[in-house]
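Me: I have a structure open and would like to talk it through with you. Shall we go over it together, one question at a time?

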Amino acid sequence: MKSLGNTGMARINEDFQGENLGSALVKTIGANQTSSSFANPGSLKGKLVNFEDSLKGLKDEMAGHKNELSLLKTDKDTLRVELDRRNQELKMSLVHEIRRMEEDMKSHFNSQKQEHGRLQQQLNGLKNETTEMQKLIIGLQRQITEIERQVGSELT
């Protein structure tokens with residue numbers, strides 16, 4: 001078996017530019033070896049062929065992973081758009097609900113304010129009636145006292 005030195009590798013790089021290194025080595029070594037050594041998996045050429053097959057398998061697997069990654073990125077983007085849409089819907093729904101609740105609270109507040117005014121008027125009316133009744137009671141008590149004094153003085 002011939003050893004490839006620096007000049008051999010340079011020649012391989014010059015002769016087989018654009019091809020992968022494994023193919024270039026197999027072609028170069030194949031020119032220097034007999035076809036019987038190709039069948040032997042322990043030979044350098046057999047090992048290179050196995051290496052090329054492994055590389056091809058890894059490239060195919062990597063391409064599959066890249067496709068899967070691309071699909072996952074697309075799914076992620078789709079989910080992001082859907083999530084943003086749902087967030088926007090929820091936000092609009094909540095804003096609408098909050099506005100409705102604010103209007104309800106204002107309406108209830110105004111109703112309570114009106115009820116408070118009405119009750120305050122009734123309370124003021126009752127206070128006035130109470131004051132008038134107290135004045136009447138005081139007047140009646142004076143009359144009773146005056147009558148009692150007149151009756152007492154007539155008896156004596």
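Me: What is the N to O distance where the side chains of K76 and D77 meet in a salt bridge?
Reply: Happy to start there, and keep in mind that this is a predicted model. A salt bridge here needs a Lys or Arg nitrogen within 4 Å of a carboxyl oxygen. The K76 and D77 side chains meet in such a bridge, with an N to O distance of 4.0 Å.

Me: Is K76 buried or exposed?
Reply: The cut-off for exposed is over 50% relative accessible area. K76 has 54%, so this residue is exposed. Its partner D77, at 42%, counts as partly exposed. For K76, then, the word is exposed.

Me: Which residue forms a salt bridge with E82, the closest N and O atoms being 2.9 Å apart?
Reply: Look within helix α4, 4 residues from E82, which means about one helical turn away. An α-helix has 3.6 residues a turn, so residues three or four places apart point the same way. E82 is partly exposed at 27%, while its partner is exposed at 53%. That partner is R86.

Me: Which residues are linked with E82 in a network of salt bridges?
Reply: The pair of E82 and R86 is bridged at 2.9 Å, and this pair belongs to a network. Besides E82, the linked residues are R85, R86 and E89.

Me: About how many helical turns separate D104 and R100?
Reply: The side chains of D104 and R100 meet in a salt bridge, at 2.9 Å from N to O. D104 is partly exposed at 34%, and R100 is partly exposed too, at 36%. The two residues are 4 apart in helix α4, so the separation is about one helical turn.

Me: How many salt bridges does the structure hold?
Reply: Among them are K76 with D77 and D104 with R100. Counting over the structure gives a total of 9.

Me: How far apart are the end C-alpha atoms of α4?
Reply: Helix α4 covers residues 44-155. With 112 residues at 1.5 Å each, the helix should span 166 Å, and the distance in the model agrees with that. The end C-alpha atoms are 155 Å apart.

Me: Which residues of α4 are buried?
Reply: Buried means under 20% relative accessible area. In α4, the residues that meet this cut-off are K45, G46 and L48.

Me: Which backbone nitrogen does the side chain of S43 reach?
Reply: S43 sits in the loop between α3 and α4. At 8% relative accessibility, S43 counts as buried. Its side chain comes to 3.2 Å from the backbone nitrogen of G46.

Me: What share of the residues in the chain is buried?
Reply: The chain has 4 helices and 0 strands, in the order α-α-α-α. Its accessible surface is about 13600 Å², with 57% belonging to carbon and sulfur atoms. Of the 156 residues, the buried share is 10%.

Me: What percentage of the contacts with a separation of 6 or more comes from residues 24 or more positions apart?
Reply: Contact here means heavy atoms within 4.5 Å. Taking the contacts in the chain with a separation of 6 or more, residues 24 or more positions apart account for 26%.

Me: Which helix has the lowest mean pLDDT?
Reply: The chain averages 82, and 74% of its residues score at least 70. Residues 24-38 stay under 50, although the model has 28 contacts for them beyond four places in sequence. Where pLDDT is low, the predicted coordinates should not be read in detail. Helix α4 has the highest mean, 95, and the lowest, 44, belongs to helix α3.

Key: Residues numbered from 1 in each chain as written. Predicted model: local features only at pLDDT ≥ 70, side-chain atom pairs only at ≥ 80, totals over all residues. Heavy atoms only, no water. pLDDT = per-residue confidence, 0-100. Expected span 1.5 Å × (residues − 1). Buried < 20%, exposed > 50% of the residue type's maximum accessible area, 1.4 Å probe, protein only. Polar contact = N/O pair within 3.5 Å; in protein donor to acceptor, adjacent residues only side chain to side chain. Areas by Shrake-Rupley, 256 points an atom, 1.4 Å probe, with all protein chains shown as cover.
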